[in-house]
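Work through the exercises below with the sequence and the model at hand. Try each task before reading its solution.

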Amino acid sequence: MNDNQHPTLTGAEILWATLAGEGTTTVFGYPGGAILPIYDALRKFPTIHHVLVRHEQGASHMADGYARASGRVGVCMATSGPGATNLVTGLATAMLDSIPVIAITGQVSSKVLGSDAFQEVDITGITLPITKHNFVVTRAEDVAPTVRLAFQIATNGRPGPVLVDITKDAQQGSATFDFEMSKPAAYRPHPMLRAESSAMRDAVALIQSAKKPVILAGHGVVDSGAEAEVIAFAEARQIPIASTLLGLGAIPSNHPLSLGMMGMHGESWVNTAIQEADLLLAFGMRFVDRVTGNLASYAPKAKKIHVEIDPSEINKNVRVDVSLIGDLKTVLQQLSPMLSKTNDASWVSEINMSKGTAAVRDIINLPDNGHLYAAHVIHDIWREAQAAGRLEQTIIVTDVGQHQMWEAQYFKHECSRSLVTSGGLGTMGFALPAAIGAKFACPEKDVWVIAGDGGFQMTAAELSTIVQERLAINIAVINNGFLGMVRQWQETFYDKNYSASPILSPDFVMLAAAHGIDAANVTTRPDVTPTVTKARTGGKPFLINFAVEKEDGVYPMIAPGAALHEMVRRPAKDPLLETAEDE
């Protein structure tokens, strides 16, 4: 050692010391030859808990779920070659949803880089399009400054994943470690927006003159921590708020100005309000195709104000009249005092009147007749959490497919970070590992996996991770014997040609038992709530296999190429409903 303040450590030890200095307490990973020096040094850092995953993809999803549930950086690691490439899907998932993840990968020695050495792969080249930034570290003295810079990049501006590839000789070499001296220079991704700017003045003029404004609340509301500011802004002017999938929970669903989810499977009155609006205020959302429908006919009457931290998103999909580039919370703190308050609630009343019977869903109100619908399951999980006073202490982690949309429709989220789901990439297999990350982030909360029978099988090996880590995670498998969303599209657009969408599954109760997890089958609605309560209160992992209707669909939906208001509703002669009524 040089002295007590600045010890000489190996690159591997420097990595762990730097992670600890950044506040990391949990790392999800899988060891291998090129990263063994790092794993050997882990024993010297007892404040960091390592979670052994069963597949490296699980590690990246766990880090992602940890970050979404907590707002902190998630950290994962893997060895070189196939270990590193198995992280790719998780990094792409985090990139498209703007999630701060640090991925540490081992690499072959710098002396053999480029020689096709055993388990060598150019992971920085592979991940260049799906990370915010990535690095190759070949010297021990560069480990700390690179990792600290990675944390800064991952969390500043628009969040995102960063990969740090560390060669084996950099892990084994030695250098002086000084955490404070390795701090990167201050990072400001864009100049601060000034209140007196012309853009702010233009925004004020549009807002003051609007008669039918709608706020579009996206994931950026959560990332910015701007929930209170958005609500205050809306309440002062009686502006209704529509949410994206990733924005759900930022505005409590029971708030009078909350309209619900917009887009392909959004509420009909929400999409209609957007199409009738004369001003859209896009707060931290990207105008992706799933929320706009056909761009040529999107919100034709509306002026558009886009508040966005990433300048590259401005005018990328939808041309806007005013762009306010900056952190949403800061922008609203500057903008709100410049506006006069208005209390005209006529526009909100008009939207509420338009809901009509569409607000009362036929599936929810069907009598119990022996048919179990996925909507029943989702609704009853929500109702049980509400009755137990645990709604704000519940995190739902969904996979991707029909069940994801049913969850968005039927589970009413009242607080931020209560829904963890893959939006932009739509990653099947996400839910189970992401729930493990969420449980580590929020051990005091009830964590539910809601997954389809298809996606669940993609990462089901992580059941053993749950058992090894003794995590009380509840798992609801929505089992309809199909790749459900694929089947629905085949039914609607491909003349019911169910090519490769029927799926055979194992007995999920027996599978859970093989991993050491208690489980139950549920086939009728009266059994849903008592089984959900048993799972929630058991204090250990529990899996429920819900055998639901096989050919049910998610409605409303917008067909590809259709306008936002051209929604396909449940057929009036839906065979499922006719059968239910007949019985």
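The exercises deal with a sheet, one of its strands, two helix pairs and a single glycine.

This is a predicted model, in which local features need pLDDT of at least 70 and side-chain atom pairs count only at pLDDT 80 or more, while totals for chains, interfaces and linings use all residues. Residues are numbered from 1 along each chain as its sequence is written, and side-chain values use heavy atoms, with hydrogens and water left out.

**Exercise 1.** Give the strand order of the six-stranded open sheet and state which strands stand at the edges.

Solution. Helices (H or I, at least four residues) and strands (E, at least two) are DSSP runs, numbered from the N terminus. Two strands pair if DSSP finds at least two bridges between them.
- Step 1: the order is β3-β2-β4-β5-β7-β6, with parallel pairing.
- Step 2: β3 (49–52) and β6 (133–137) each have a single partner strand, so one side of each lacks a neighbour in the sheet.
- Step 3: from one strand to the next, the twist averages 20°. Axes are lines fitted to C-alpha atoms, for helices over the stretch in contact, and angles run from 0 to 180 degrees between N-to-C directions.
- Step 4: helix α1 (residues 11–21) lies across β2 (26–29), β4, β5 and β7 and runs at about 165° to β4.

**Exercise 2.** Describe the pairing of β5 with β4 and β7, and the pairing of β7 with β6.

Solution.
- Step 1: five bridges pair β5 with β4 (residues 74–78) in the parallel sense; V101 in β5 is the bridge partner of G74.
- Step 2: β5 and β7 (residues 162–167) run parallel and are joined by six bridges, with V164 in β7 as the bridge partner of I104.
- Step 3: β6 and β7 also run parallel, joined by five bridges, and F135 stands opposite V164 in β7.

**Exercise 3.** Is strand β5 buried or exposed, and which residues lie on each side?

Solution. Buried means under 20% relative accessible area, exposed over 50%, and partly exposed in between (1.4 Å probe, protein chains only).
- Step 1: in a regular strand the side chains alternate between the two faces of the sheet.
- Step 2: one side of β5 holds V101, A103, T105 and Q107, the other I102, I104 and G106, and both faces are covered.
- Step 3: seven of the seven residues (101–107) are buried, so β5 is largely enclosed by the rest of the structure.

**Exercise 4.** Classify the crossing of α3 and α19 by angle and hand, and break down the residues in the contact.

Solution. Angles under 35 degrees count as roughly parallel, over 145 as roughly antiparallel, 65 to 115 as roughly perpendicular and the rest as oblique.
- Step 1: the axes of α3 (residues 56–70) and α19 (residues 431–441) come within 6 Å and cross at roughly 45°, and the two helices are therefore oblique to each other.
- Step 2: the crossing is right-handed (near helix turned clockwise from the far one by less than a right angle; anticlockwise would be left-handed).
- Step 3: contact means heavy atoms within 4.5 Å. Among the residues making it are H61, M62 and Y66 of α3 and I436, G437 and F440 of α19.
- Step 4: the contact of α3 with α19 has nine nonpolar, five polar and no charged residues. Ala, Val, Leu, Ile, Met, Phe, Trp, Tyr, Cys and Pro count as nonpolar, Asp, Glu, Lys and Arg as charged, and the others, Gly among them, as polar.

**Exercise 5.** Where is G401, and is G401 buried or exposed?

Solution.
- Step 1: G401 sits in the loop between β15 (394–398) and α18 (402–410).
- Step 2: the relative accessible area of G401 is 12%, so G401 is buried.
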